Structure formats: structure tokens, C-alpha cells
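Thanks, everyone, for making the time this morning. I would like to walk you through one model, beginning with how its helices pack and ending with its aromatic rings.

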Amino acid sequence: MEKRKFEKLNVETSLLGFGCMRFPLTAEGKIDEAQAEEMIDLAIKSGVNYIDTAYPYHNGDSEPFVGRVLDKYDRNSYYLATKLPIWKLQTLEDAKTIFAEQLERLHKDYVDFYLLHAMSRERWELVKKLNVIPYLEEMKRQGKIRYLGFSFHDKYEVFDEMIHAYDWDFCQIQFNYMDTEEQAGLRGYHLAEELGIPMVIMEPVKGGMLAALPEEIAGALKAERPDASIASWAMRFVGTFSNVKVILSGMSDMNQVKDNLKTFGEFEPLSEKEQKLIAKTAENLRARVQNGCTACRYCMPCPAGVNIPQNFKIWNEYHVYQNKERARKNYFNNFEESAWAKNCVRCGKCEAACPQHLSIREDLKRVTADMEALR
């Protein structure tokens, strides 16, 4: 198992981290505990020593389940990460109550890596207002937290402010070969590296989308490495960056565990030739985007109630990755019908406001046609 050293912290972790948010489920929608425990056991047996969960994962069931599984292992043999749900805080007492509950749920005396969860501009302002960090520093002094960091989902400018505001032990960002310009992105990676802050990476395969590419795009990767999974290319891309210390994978079945163990058991960074191939893969995927909507929301609110950016997001993603099941679910199950493209009344207000000068009305017609074809 490939290991990486957090020089700042003088600890060594497995490059592969087990993300505990996508466990297999029973028919009732609960964690399939027998199968999930087998997956964790195989990962630990194979050298994985970084286990990542959070307060809301699996509707609150992940922390207690993970805690029970880890009880059978020596506490010094693994690193446990969990996160403080900032959106649940109204007072500092809320943070104290939740942290105490997390220790109880996990059945542990301390957490190794503790993160402010899914930070954004709004949540960062709340953290400062409530004086959350001084409290967490006190928990560090008491030995209940070993290392303090944050996970991030916002624009680079917010990341820049946050990472300079405190001497963080580590930070966690979304990063993959399609998201180098999204959120903190590649600039955020280089900034953290410059500041000597080690990085944990989430969404290395973009929620599974980089694990199953359209055949005409996947073909070039298969030709180069016939025995390697498509997902392994995404993992190796991220692991090629030396300040990446842990790559989290939210594994949901045993095959994914075994494939990741194969990738990280004999880890190889991308060669120069392979880096060019991945760059070309990303270029080919981006060329499939149907329009250049940046979700700036200047077009909103729509008088007819259409959520224009969300329609375009689902539509563009569908054309890029050709994942019909995901597009069908995102559009018809996870998206209110009142906000669908079919409700456009072609008033043109959106086009007058669009800084990209998109043909929004015509594109919404195309969204409707493509989504209806998926039914």
C-alpha cells in the first residue's frame, strides 16, 4: 500500500483513504453492515489506515457503524477523520454538543483528523462569529482532536482567505482531472503546497463519473493500459501530485475496494505520456458540453419558475458522460417539475441578462427533448 508522509504533522497515512459516505445499502435503505464491514476489514488488512466519516453520512448512521467496526482494531493502528456540520450551528454550545455526541457515536476518546465540514463563504463567517476555532483548539490541547482542518466547496477566493486565516494542520478539497478549474482547483492545490499545508482529496472520480466514460473516449485509455480500470486513471492523476497525502474513495461495493487496492497497492504516478493522454481525455470530454452556462444566475429568477442553471447543469453533464441513469435520476427524481425546462414561456428576460449571450430559450427546448427521450 502506497504511503505518504504529512511532513508538517510527522504522521504517515495510506494514500488511499476509505470514505464512509457510500456504503452498500439494504432494501430498507440502511447500511448493509455485514458487507460494509467486510469491505473495511479488507481495506485495513491491505494497508489502508485513514478512515473518513462525517456527522450526516448515511443519515447519521455512518459514525456509530464505523466506530463499532474500528473497536476491534488497535486505536494506534489507524487514523479516524470526521467533520463538524457547520450548517447545524446556531451557537457555540451547538458545536460543543455535536462534538461530544460524535465522540460518543464513534466510541472513541479522540478524533485524529477533525474538519470543519463543506466550508463556504457563509459557513466561514459563521465559524468566525461563533468563535468555533478557539473551542476546537482547546479540544486539541485536551487531546480530543489531534489535527484540525477543513473540507471546502466554494470559489478559490474564499479558499485563499480561509487558508491564510489560520495555521491549519491540513485541508481537504474536491480535485480531479475534470475539476482543475472548479472550486479551489489546481490553484488551491498549489497555494496549499506553497504554504506547507498537506492535502486530502475528495471526489477523485467525480462522484463515479470518471469511472465509466463514454466508450469512444475510454478507448484510448484502455488501449494504453488494457488491464487497468478507467477509475484507476483518475486515482493516479490525483496521486501524481506530491502534496496529496490521502485520496478518499467512497467505496460502495467490494469490487471497488479491490480495484482501488490494486491501484494503490503498486501505485504508479502518471508518466509524462499518460499525463498528456489524460489532458486529451479531459479536453475531449469538455468538448461535449452543450452550452457555456457558468451558473452565474444572472438569468434568475425566471418568471415561469424554471431553474435555468440546474437544467443546463444536468443536461451538460449528461452529454459529457453519457450516464443515462444518473441524468434520469437527477432530472426526474431529484428536481422539482415546476423548475423543468418545459415550463419556459419564451419571454426572453433571461437572454437579455445572460453575460454569456446564450440562446437560452432554444437550449431549454433541447433540454426538454433530451430529457423526455430518457424517460
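Before the first example, a word on angles: an axis here is a line fitted to C-alpha atoms, for helices over the stretch in contact, and angles run from 0 to 180 degrees between N-to-C directions. Please also keep in mind throughout that what you see is a predicted model.

With that in hand, look at helix α12, residues 308-321, and helix α13, residues 324-333, whose axes come within 9 Å and cross at roughly 170 degrees. Angles over 145 degrees count as roughly antiparallel, and α12 and α13 are therefore roughly antiparallel to each other. On the α12 side the contact is made by N311, I314, E317 and Y318, which meet K324, R326, A327, N330 and Y331 of α13.

Let me turn to the sheet. Eight strands make a closed barrel in the order β3-β4-β5-β6-β7-β8-β9-β10, with parallel pairing, and from one strand to the next the twist averages 25 degrees. To take one pairing in detail, strand β4, residues 50-52, runs parallel to strand β5, residues 79-84, and three bridges join them; I51 has L80 as its bridge partner in β5. Helix α6, residues 156-165, packs on this sheet, where α6 touches β6, β7, β8 and β9, and its direction makes about 165 degrees with that of β7.

Now to the aromatic rings, of which the model has 26 pairs. One of them is Y177 with F237, an edge-to-face pair at 6.0 Å centre to centre with 80 degrees between the planes. Which parts of the chain does this pair link? Y177 sits in the loop between β8 and α7, whereas F237 belongs to helix α9, residues 230-239, so that distant parts of the chain, 60 residues apart, are linked. Both Y177 and F237 are buried.

A second edge-to-face pair is formed by Y189 and F241, at 5.0 Å centre to centre and with 70 degrees between the planes. Because Y189 lies in helix α7 and F241 in the loop between α9 and β10, this pair ties together parts that are 52 residues apart in sequence. Y189 and F241 are likewise buried.

Elsewhere, ring pairs join F6, Y50, Y79, F113, Y147 and F170 into a cluster.

Finally, two arginines deserve a mention: R75 lies over the face of Y110, at 4.0 Å from the ring centre, and R105 lies over the face of Y55, at 4.1 Å from the ring centre.

Terms used:
Residues are numbered from 1 along each chain as its sequence is written. This is a predicted model: local features need pLDDT of at least 70, side-chain atom pairs count only at pLDDT 80 or more; totals for chains, interfaces and linings use all residues. Side-chain values use heavy atoms; hydrogens and water are left out. Rings of Phe, Tyr and Trp (its six-membered ring) pair if their centres lie within 6.5 Å; planes under 30 degrees apart count as stacked, over 60 as edge-to-face and the rest as tilted. Helices (H or I, at least four residues) and strands (E, at least two) are DSSP runs, numbered from the N terminus. Buried means under 20% relative accessible area, exposed over 50%, partly exposed in between (1.4 Å probe, protein chains only). A charge sits over a ring if NZ of Lys or CZ of Arg is within 6 Å of the ring centre and within 35 degrees of the ring normal. Two strands pair if DSSP finds at least two bridges between them. Contact means heavy atoms within 4.5 Å. Angles under 35 degrees count as roughly parallel, over 145 as roughly antiparallel, 65 to 115 as roughly perpendicular and the rest as oblique.
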